[in-house]
Amino acid sequence: MNVPIAKPNAAILLACVSFGLALATTGCLHPKVGPQSLPRDRELYSISLADSWKEQTLLNIVKLRYLDPPVYVDVGSIVASYTLTQGASVGGTINPSGTSPGGTALGGAVTFSNSPTITYTPLTGNAYIKGLTTPLPPTTVFATIQNGAPADSILLTSVQSINDLRNEQAGLDGIRPADPAFHRVRELLRTIQLSGTVRLYVKEDANKQQTTVLTFRSTGVPPDIEAEMVELRRLLHLNLGATEFKLVSAPLPSNDTEIAVMTRSIIGLLQNMAAEVEVPPEDVAQHRAVPGCEAGRTLSDIVPMIRIHSARTAPADSFVRVRYRDTWFWIADGDLASKRTFAQLMNLFTMTDTGAKENQPVVTIPSR
C-alpha cells in the first residue's frame with residue numbers, strides 16, 4: 001500500500017530561498033553602511049559644517065550691533081556610528097495532496113540607526129583673543145588682492161587707513177564717513193589691478209631682511225592706465241618716478257616710497273559690518289542696538305560693505321539666516337556683493353593665526 005508523502009509547497013520554498021538571499025546580502029550591500037556611505041556622508045557633513053559656520057558668523061555680526069560679545073564654537077570631531085539590526089521568520093502549513101491548500105507566513109525586519117557623536121570646542125584663551133583683536137598683517141590683505149580678490153572691496157572692509165587717508169569707521173554714534181580720496185584710491189587700485197600692471201612680492205635687502213614690495217609695471221602700459229597710476233601716486237603722495245614701494249604697517253609713511261597701511265582686526269571687521277545690519281527701528285530708539293545704517297536711511301557719503309536684512313518672519317530665500325531676539329536676520333541669496341563680502345570675511349578669518357587652543361572645555365554630544 002502506497003502512502004502519499006506530503007510535498008513542500010513550491011511557494012514556501014521559493015519565498016524562503018528569496019528571503020534568505022536578501023537577508024544574507026543586506027549587511028554587506030546596505031547603501032547606508034560601509035564604503036558606500038562615505039561619499040554621501042562626507043558631502044552632507046561638509047554642507048552642514050559650512051552652513052553652521054556661516055550662521056555662527058552672521059549671528060556674531062548681528063550680536064555686535066547689540067553690543068553682545070561674539071562667541072565662536074568649533075567642531076572638534078565627528079564620529080559616525082551606525083547600527084544595522086535584521087531578523088526574519090518563516091512559517092507555514094503543508095497539507096497532503098487532495099486536501100485544502102496549506103498556508104504560509106513570512107516575517108522580517110531590518111532596522112538602521114545613525115548616531116553620530118559630535119565634539120564642540122568653545123574657542124577661548126589668550127592666544128585666540130589676541131588673534132581676533134590683532135590687526136591683520138598688511139601683507140595678508142594685499143596678498144588677498146594679489147590672488148584675485150577685488151582691491152576696492154578688500155580695502156573697504158579690511159583697511160583703516162592708507163598713507164593717512166582714512167576709511168569709514170563704525171562707532172557707538174554711527175558711521176564716520178571716509179576721506180573722499182580714500183574711495184578714489186580704491187577705485188584706481190581696482191582698475192590698475194584688472195589691467196595686470198601691479199603685483200606684490202617679497203624682497204630681501206642687504207641684511208637678509210624680507211620686505212614686502214608693491215610694484216607697478218613701467219613698460220607696455222596703456223595710456224589710460226598710466227594716467228590712473230600717476231593719479232594714484234599723487235593721492236598717496238608717492239614718488240612719481242618710482243616703480244617699487246615698500247608695504248609697511250604704520251599710520252604714516254616715513255618717505256615717498258612707502259605705502260603705510262593700518263588694517264582692521266577680525267573684531268574690527270565684524271563691528272563695521274554690524275553697523276550695517278538692518279535692525280528693527282524700536283531697538284535703536286530704545287537703545288538696545290547702537291546706531292548704524294538703518295533701513296530706509298540714505299547716507300550718500302557712506303559706501304555700504306554688506307546688506308543684512310531683518311524681519312519678524314523667516315525669509316523665503318536666503319544665502320544665510322539666523323534668528324536673534326525674536327527677529328530673523330539674513331543675507332539675500334541674490335545679493336552677490338554682500339555674499340562676496342561675507343565670504344571674504346570668512347576667508348580672512350581662516351588666514352588669521354588665532355594661536356593654539358588653550359585649556360578649552362570640550363562638549364561631546366551623542367546625537368540620538
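These legends accompany close-up views of a predicted model.

**View 1. The whole chain, for orientation.**
The protein chain holds 10 helices and 16 strands. Its length is 368 residues, and 38% of them are buried. Take the contacts between residues at least 6 apart in sequence: 65% join residues at least 24 apart. The exposed surface comes to about 20,300 Å², with carbon and sulfur atoms supplying 56% of it.

**View 2. The largest nonpolar core.**
This core has 63 residues. Which of them touch the most other members? They are Ile61, Phe142 and Phe329. Helix α8, residues 266-274, gives the core its largest share, six residues. In soluble globular proteins, nonpolar side chains tend to be buried together.

**View 3. The open sheet β13-β15-β14.**
Three strands make up this open sheet, in the order β13-β15-β14, and they pair antiparallel. The edges belong to β13 (309-311) and β14 (320-324). Each of these has a single partner strand, so one side of each lacks a neighbour in the sheet. From one strand to the next, the twist averages 25 degrees. Strands of a sheet pair through backbone hydrogen bonds, either parallel or antiparallel.

**View 4. The β14-β15 hairpin.**
Five bridges join β14 to strand β15 (residues 327-331) in the antiparallel sense. Val320 has Ile331 of β15 as its bridge partner. Tyr324 stands opposite Thr327, also a residue of β15. Two residues lie between the strands of this hairpin. Arg325 takes a positive phi there, near 55 degrees.

**View 5. The two faces of β14.**
Which residues of β14 form the covered face, and which the uncovered one? Val320, Val322 and Tyr324 make up the covered face. Arg321 and Arg323 make up the uncovered face. In a regular strand the side chains alternate between the two faces of the sheet.

**View 6. Leu200 and its surroundings.**
Leu200 sits in strand β9, residues 198-204. Is Leu200 buried or exposed? Its relative accessibility is 16%, under the 20% limit, so Leu200 counts as buried. Beyond its neighbours within four places in sequence, Leu200 contacts Thr139, Phe142, Ala143 and Gln146. The list of contacts also includes Thr212, Val213, Leu214 and Leu247. Leu200 and Val213 are 13 residues apart in sequence, yet their C-alpha atoms are 5.8 Å apart in space.

**View 7. Strand β10 beside β11.**
Strand β10 (residues 210-216) is mostly covered, with six of its seven residues buried. Three bridges link β10 to strand β11 (residues 244-249), and the two run antiparallel. Val213 stands opposite Lys246 of β11.

**View 8. Helix α4 and the residue just beyond.**
Helix α4 spans residues 138-146. Its buried residues are Pro138, Thr140, Val141, Phe142, Thr144 and Ile145. Phe142 recurs here: this residue is in contact with Leu200, and is one of the three core residues that touch the most other members. Just after α4, Gly148 adopts a positive phi of about 115 degrees.

**View 9. Helix α5 and Thr341.**
Helix α5 (residues 151-158) is mostly covered: seven of its eight residues are buried. These are Ala151, Ser153, Ile154, Leu155, Leu156, Thr157 and Ser158. Two of them, Ser153 and Thr157, are in contact with Thr341. An α-helix has 3.6 residues a turn, so residues three or four places apart point the same way. Thr341 itself lies in helix α10, residues 336-351. Its relative accessible area is 4%, so Thr341 is buried, the limit being 20%. Leaving aside neighbours within four places in sequence, its other contacts are Met273, Met305 and Ile306.

**View 10. Helix α6 from end to end.**
Helix α6 runs over residues 180-195, 16 residues in total. How far does it reach from first C-alpha to last? The span is 24 Å, close to the 22 Å expected at 1.5 Å a residue. Among the buried residues of α6 are Phe182, Val185, Leu188, Leu189 and Ile192. His183, Arg186 and Gln193 are buried as well. Gly196 follows the helix, and its phi is positive, near 80 degrees.

How values were computed: Residues numbered from 1 in each chain as written. Predicted model: local features only at pLDDT ≥ 70, side-chain atom pairs only at ≥ 80, totals over all residues. Heavy atoms only, no water. Helix = DSSP H or I, 4+ residues; strand = E, 2+ residues; numbered from the N terminus. Buried < 20%, exposed > 50% of the residue type's maximum accessible area, 1.4 Å probe, protein only. Contact = heavy atoms within 4.5 Å. Areas by Shrake-Rupley, 256 points an atom, 1.4 Å probe, with all protein chains shown as cover. Pairing = 2+ DSSP bridges. Axes fitted to C-alpha atoms, helices over the stretch in contact; angles between N-to-C directions. Expected span 1.5 Å × (residues − 1). Core = buried A, V, L, I, M, F, W, Y, C linked by side-chain atoms within 4.5 Å.
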